[in-house]
Amino acid sequence: MASTLRAEHTAPKAGVDWDSFGFGLNGVKTDAMWLDRAQVDVHGDALYSSCTEDCVTEMGALQISPTATVLNYGQALFEGMKAFRRADGSIVLFRPDRNAMRMEQGARRFLLPPVPQDTFIRAAENVVRENARWVPPFGKGSLYLRPLLMGTGEDLGVKPSRESTFCVYCAPVGNYFKGGLKAIRLQAVRGFSRAAIGGCGNVKAAGNYVPAFGAQRQVRQQGYDEVLCLDAATGEAVEEAGASNFFAVYPNNTIVTPSLAPGTILAGVTRASIIELAEKECGCTVLEQRLTLTDLKGASEAFCCGTGASVTPVGSVDVANANGSDDVEAVVTFGDGSSPGPLTERLYNILRDLQTGTDEQLNEKYKDWIHVVEP
């Protein structure tokens with residue numbers, strides 16, 4: 001399914017209700033994916049292909065043995081990134097080099113042969129190009145790309161796989177949380193943590209997300225939008241909001257976000273971008289340090305961010321004790337509990353204008369963050 005030369009990208013598919021899309025597959029089967037299986041040598045290295053003719057194939061099911069290492073021992077990583085259609089019809093990726101770098105770091109942690117950054121980006125470009133009709137119109141969403149790296153060799157022993165599969169698929173998406181820029185409600189659950197010091201909480205590993213399913217179901221059944229994860233050591237320090245990074249804003253133009261130093265929090269690409277934009281564009285002081293539930297009482301606003309969530313305001317944080325009772329003394333409401341704070345809204349707009357290209361001056365200043373996908 002090699003691409004033919006095009007003067008411009010294929011227009012968005014007609015007759016699609018893009019406004020109805022949430023963050024999911026939305027009933028769409030896209031056209032193509034990138035798929036490459038590489039044999040791992042005795043040194044743990046593999047030669048991945050960067051050839052379109054070899055790797056671009058129709059979107060569909062993977063054939064995999066039940067003895068594959070990924071199914072038995074969870075040797076798997078994934079990434080998340082977005083492609084945006086701009087007003088001039090061009091399509092761009094946002095900071096794909098950072099995703100490539102993070103997957104490379106995770107691969108070394110999980111003893112998977114790292115995918116070279118140029119191969120990673122070439123794969124992403126080709127997936128966008130082949131699925132251009134599924135990139136939503138300007139301002140109507142984005143094309144979400146999901147790179148996977150898995151140990152797919154057949155074995156029974158507890159050891160790294162001798163085969164590595166690199167796959168990139170995509171899906172058109174809308175907002176992670178529906179309802180526009182509306183504040184969400186979080187609940188922290190004492191007795192639950194997503195990662196521990198010395199583990200792999202800082203790796204975008206497939207197995208890191210399953211442990212949160214139970215807590216997420218619990219809080220959503222009670223009317224909350226997401227779970228606020230606390231540290232394993234004390235049950236008092238904030239770590240992540242579901243699959244997103246968390247930020248608290250204080251009245252003195254200071255922002256605090258949990259530190260990456262313990263190794264339990266994912267180094268989000270959006271997180272790094274927001275820190276830099278807050279400092280350079282908003283004149284904020286950003287502190288990366290321990291942030292407790294008690295500390296939240298002094299915050300004037302809060303938000304979470306990620307590739308899927310973009311910048312999402314947080315209206316309140318409630319706390320449940322390990323025995324299921326509510327800790328009413330720990331409840332925090334930011335502002336009126338439903339509207340975004342002024343700094344949160346400003347950062348949301350800056351990031352949106354940067355990704356969609358609506359602010360030319362901003363795009364020129366951060367042009368290294370924008371990767372144009374040629375037709």
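Here are three short exercises on this predicted model, each with a worked solution.

**Exercise 1.** Work out which strands pair with β8, and in which sense.

*Solution.* Start with β8 itself, which spans residues 184–189. Look next at β15 (residues 310–320): 6 bridges join this strand to β8, and the two run parallel. Ile184 shows you the register here, with Val314 as its bridge partner in β15. Then turn to β9 (residues 226–230), which pairs with β8 over 3 bridges, also in the parallel sense. On that side, Gln187 stands opposite Val227. Now follow the chain from β8 through helix α5 (residues 213–221) to β9, and you have traced a right-handed β-α-β unit. Finally, check the cover: 5 of the 6 residues in β8 are buried.

**Exercise 2.** Compare the span of helix α4 with its expected value, then find how many of its residues are buried.

*Solution.* Helix α4 covers residues 117–130, which makes 14 residues. From first C-alpha to last, α4 reaches 20 Å, close to the 20 Å expected at 1.5 Å a residue. For burial, count the residues under 20% relative accessible area. The count for α4 is 11 of 14, so this helix is mostly covered. Among the buried residues are Phe120, Ile121, Val127 and Val128, and also the charged-type names Glu125, Arg129 and Glu130.

**Exercise 3.** Explain why Cys167 and Cys170 do not form a disulfide.

*Solution.* Recall that a disulfide is a covalent bond between the sulfur atoms of two cysteines. The cut-off for the sulfur pair is 2.5 Å. The cysteine sulfur closest to that of Cys167 belongs to Cys170, but it is 10 Å away, too far for a bond. Both side chains sit in covered positions: Cys167 is buried at 2% relative accessibility, and Cys170 is buried at 3%. The structure's total is 0 disulfides.

Note on methods
Residues numbered from 1 in each chain as written. Predicted model: local features only at pLDDT ≥ 70, side-chain atom pairs only at ≥ 80, totals over all residues. Heavy atoms only, no water. Buried < 20%, exposed > 50% of the residue type's maximum accessible area, 1.4 Å probe, protein only. Helix = DSSP H or I, 4+ residues; strand = E, 2+ residues; numbered from the N terminus. Pairing = 2+ DSSP bridges. Right-handed = clockwise from strand over helix to strand, strands pointing away. Expected span 1.5 Å × (residues − 1).
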